[in-house]
Amino acid sequence: MPSERDPTSVEPETTSPGEDAEWAARRDDLSKRLAEQRRRLPGNREPANRSQGMRGAAQGLKVASEFVAGILVGAAIGYFIDQLAGTSPFGLIVFLLLGFAAGVLNVIRGISGNGSPGDPGQL
(Lines give C-alpha, C1' and ligand atoms only; values in the text may rest on other atoms or scores of the structure.)
Protein backbone atom coordinates (compact mmCIF):
# COMPACT_ATOMS: atom_id res chain seq x y z
CA MET A 1 0.00 0.00 0.00
CA PRO A 2 1.46 3.33 -1.00
CA SER A 3 2.08 5.67 1.85
CA GLU A 4 0.36 8.98 1.75
CA ARG A 5 2.32 12.11 2.49
CA ASP A 6 1.26 14.25 5.39
CA PRO A 7 1.08 17.86 4.08
CA THR A 8 1.93 19.23 7.52
CA SER A 9 5.11 17.23 7.91
CA VAL A 10 8.37 18.94 7.18
CA GLU A 11 11.01 16.94 5.48
CA PRO A 12 14.58 18.06 5.88
CA GLU A 13 16.09 19.37 2.71
CA THR A 14 19.33 17.98 1.60
CA THR A 15 21.86 20.66 0.75
CA SER A 16 25.48 20.45 -0.14
CA PRO A 17 28.19 22.07 1.99
CA GLY A 18 28.84 24.58 -0.81
CA GLU A 19 25.26 25.82 -0.65
CA ASP A 20 25.45 26.19 3.13
CA ALA A 21 28.57 28.32 2.84
CA GLU A 22 26.90 30.45 0.16
CA TRP A 23 23.83 31.01 2.35
CA ALA A 24 26.01 31.81 5.36
CA ALA A 25 27.95 34.39 3.32
CA ARG A 26 24.73 35.98 2.08
CA ARG A 27 23.32 36.04 5.61
CA ASP A 28 26.47 37.71 6.95
CA ASP A 29 26.40 40.28 4.16
CA LEU A 30 22.75 41.04 4.87
CA SER A 31 23.47 41.39 8.59
CA LYS A 32 26.24 43.90 7.87
CA ARG A 33 24.03 45.94 5.55
CA LEU A 34 21.17 45.94 8.07
CA ALA A 35 23.49 47.11 10.84
CA GLU A 36 24.74 49.93 8.62
CA GLN A 37 21.19 51.00 7.76
CA ARG A 38 20.18 50.94 11.42
CA ARG A 39 23.06 53.29 12.25
CA ARG A 40 21.77 55.71 9.62
CA LEU A 41 18.28 55.92 11.13
CA PRO A 42 17.55 59.27 12.82
CA GLY A 43 16.59 57.62 16.10
CA ASN A 44 19.94 55.85 16.36
CA ARG A 45 22.10 58.91 15.85
CA GLU A 46 23.78 60.79 18.61
CA PRO A 47 21.78 63.80 19.79
CA ALA A 48 22.52 66.99 17.90
CA ASN A 49 24.49 69.75 19.56
CA ARG A 50 21.80 72.35 20.23
CA SER A 51 24.26 75.09 21.18
CA GLN A 52 25.67 75.11 17.64
CA GLY A 53 22.28 76.13 16.20
CA MET A 54 21.87 78.91 18.74
CA ARG A 55 25.34 80.18 17.95
CA GLY A 56 24.41 80.41 14.27
CA ALA A 57 21.17 82.22 15.05
CA ALA A 58 23.04 84.70 17.24
CA GLN A 59 25.55 85.37 14.48
CA GLY A 60 22.73 85.86 11.97
CA LEU A 61 20.99 88.38 14.20
CA LYS A 62 24.26 90.22 14.78
CA VAL A 63 24.98 90.46 11.05
CA ALA A 64 21.43 91.58 10.26
CA SER A 65 21.46 94.25 12.96
CA GLU A 66 24.82 95.57 11.74
CA PHE A 67 23.43 95.81 8.21
CA VAL A 68 20.33 97.71 9.32
CA ALA A 69 22.39 99.92 11.63
CA GLY A 70 24.70 100.89 8.76
CA ILE A 71 21.77 101.98 6.63
CA LEU A 72 20.07 103.89 9.48
CA VAL A 73 23.25 105.70 10.52
CA GLY A 74 23.96 106.67 6.90
CA ALA A 75 20.41 107.98 6.48
CA ALA A 76 20.59 109.94 9.75
CA ILE A 77 23.92 111.55 8.83
CA GLY A 78 22.58 112.46 5.38
CA TYR A 79 19.40 113.94 6.85
CA PHE A 80 21.31 116.13 9.32
CA ILE A 81 23.71 117.31 6.61
CA ASP A 82 20.70 118.21 4.46
CA GLN A 83 19.20 120.19 7.34
CA LEU A 84 22.43 122.07 8.01
CA ALA A 85 23.45 122.74 4.40
CA GLY A 86 19.98 123.04 2.87
CA THR A 87 20.73 120.46 0.17
CA SER A 88 17.61 118.41 0.73
CA PRO A 89 17.47 115.09 -0.78
CA PHE A 90 21.08 114.93 -2.04
CA GLY A 91 22.86 114.45 1.28
CA LEU A 92 20.28 111.89 2.34
CA ILE A 93 20.65 109.94 -0.90
CA VAL A 94 24.45 109.98 -0.87
CA PHE A 95 24.80 108.99 2.78
CA LEU A 96 22.03 106.40 2.49
CA LEU A 97 24.03 104.73 -0.28
CA LEU A 98 27.21 104.99 1.79
CA GLY A 99 25.37 103.44 4.75
CA PHE A 100 24.15 100.63 2.52
CA ALA A 101 27.71 99.99 1.30
CA ALA A 102 28.99 100.00 4.88
CA GLY A 103 26.23 97.55 5.87
CA VAL A 104 27.13 95.19 3.04
CA LEU A 105 30.80 95.39 4.00
CA ASN A 106 29.89 94.56 7.61
CA VAL A 107 27.87 91.55 6.43
CA ILE A 108 30.78 90.28 4.34
CA ARG A 109 33.17 90.70 7.26
CA GLY A 110 30.75 89.03 9.66
CA ILE A 111 30.13 86.04 7.42
CA SER A 112 33.77 85.43 6.46
CA GLY A 113 34.88 85.83 10.06
CA ASN A 114 38.50 86.55 9.19
CA GLY A 115 38.57 90.32 8.73
CA SER A 116 38.67 92.99 11.37
CA PRO A 117 37.24 96.48 10.75
CA GLY A 118 40.74 97.97 10.59
CA ASP A 119 42.05 95.37 8.15
CA PRO A 120 41.18 96.48 4.58
CA GLY A 121 43.20 93.71 2.93
CA GLN A 122 40.80 90.90 3.79
CA LEU A 123 37.21 90.33 2.73
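**Exercise 1. Salt bridges**

Find how many salt bridges a search of the whole structure gives, and state where the partners of arginine 33 and glutamate 36 lie.

Solution. Step 1: apply the criterion, a side-chain nitrogen of Lys or Arg within 4 Å of a carboxyl oxygen of Asp or Glu. The search of the whole structure returns two salt bridges. The model is predicted, so local features need pLDDT of at least 70 and side-chain atom pairs count only at pLDDT 80 or more, while totals for chains, interfaces and linings use all residues. Residues are numbered from 1 along each chain as its sequence is written, and side-chain values use heavy atoms, with hydrogens and water left out.

Step 2: take the pairs in turn. Arginine 33 meets aspartate 29 through their side chains at 3.7 Å, N to O. Glutamate 36 meets arginine 40 at 2.6 Å, N to O.

Step 3: place them. Arginine 33 and aspartate 29 are four residues apart in helix H1 (residues 17-40), so about one helical turn separates them. Helices here are DSSP runs of H or I with at least four residues, strands are runs of E with at least two, and both are numbered from the N terminus. Glutamate 36 and arginine 40 also lie in helix H1, four residues apart, about one turn of the helix.

Step 4: check exposure. Buried means under 20% relative accessible area, exposed over 50%, and partly exposed in between (1.4 Å probe, protein chains only). Aspartate 29 has 39% and is partly exposed; glutamate 36, with 33%, is partly exposed, and arginine 40, with 47%, is partly exposed.

**Exercise 2. The fold**

Give the helix and strand count of the protein chain, and test the span of helix H3 against expectation.

Solution. Step 1: the protein chain has three helices and zero strands, and its pattern along the sequence is α-α-α.

Step 2: helix H3 covers residues 90-112, which is 23 residues. The expected span is 1.5 Å times one less than the number of residues. For H3 this comes to 33 Å, and the end C-alpha atoms are 33 Å apart, so the two agree.

Step 3: look at what lies in and after the helix. Gly91, Gly99, Gly103, Arg109 and Gly110 of H3 are buried. Glycine 113 follows H3 and has a positive phi, near 75 degrees.

Step 4: turn to the chain as a whole. Of its 123 residues, 9% count as buried. The chain exposes about 10500 Å², of which carbon and sulfur atoms supply 62%; these areas come from the Shrake-Rupley method with a 1.4 Å probe, and for residues only the protein chains shown count as cover.

**Exercise 3. Aromatic pairs**

Classify the aromatic pairs of the structure.

Solution. Step 1: rings of Phe, Tyr and Trp (its six-membered ring) pair if their centres lie within 6.5 Å; planes under 30 degrees apart are stacked, over 60 edge-to-face, and the rest tilted. The structure holds two such pairs.

Step 2: phenylalanine 67 and phenylalanine 100 are 5.6 Å apart, centre to centre, with 70 degrees between the planes, which is edge-to-face. Phenylalanine 67 is in helix H2 (residues 50-85) and phenylalanine 100 in helix H3, so the pair ties together parts 33 residues apart in sequence. Phenylalanine 67 is partly exposed at 24%, and phenylalanine 100 is partly exposed at 42%.

Step 3: tyrosine 79 and phenylalanine 80 have ring centres 5.7 Å apart and planes at 70 degrees, so this pair is edge-to-face. Tyrosine 79 is partly exposed at 43%, whereas phenylalanine 80 is exposed at 52%.

**Exercise 4. Where H2 meets H3**

Determine which residues alanine 75 and phenylalanine 95 touch, leaving aside neighbours up to four places away in sequence.

Solution. Step 1: contact means heavy atoms within 4.5 Å. Alanine 75 is found in helix H2 and is buried at 19%. Its contacts are Leu92, Phe95 and Leu96.

Step 2: phenylalanine 95 lies in helix H3 and is partly exposed at 25%. Phenylalanine 95 touches Gly74, Ala75, Ile77, Gly78 and Ile81.

Step 3: compare C-alpha distances. Phenylalanine 95 and glycine 78, 17 residues apart in sequence, are 4.9 Å apart. Alanine 75 and glycine 91, 16 residues apart along the chain, are separated by 8.7 Å.
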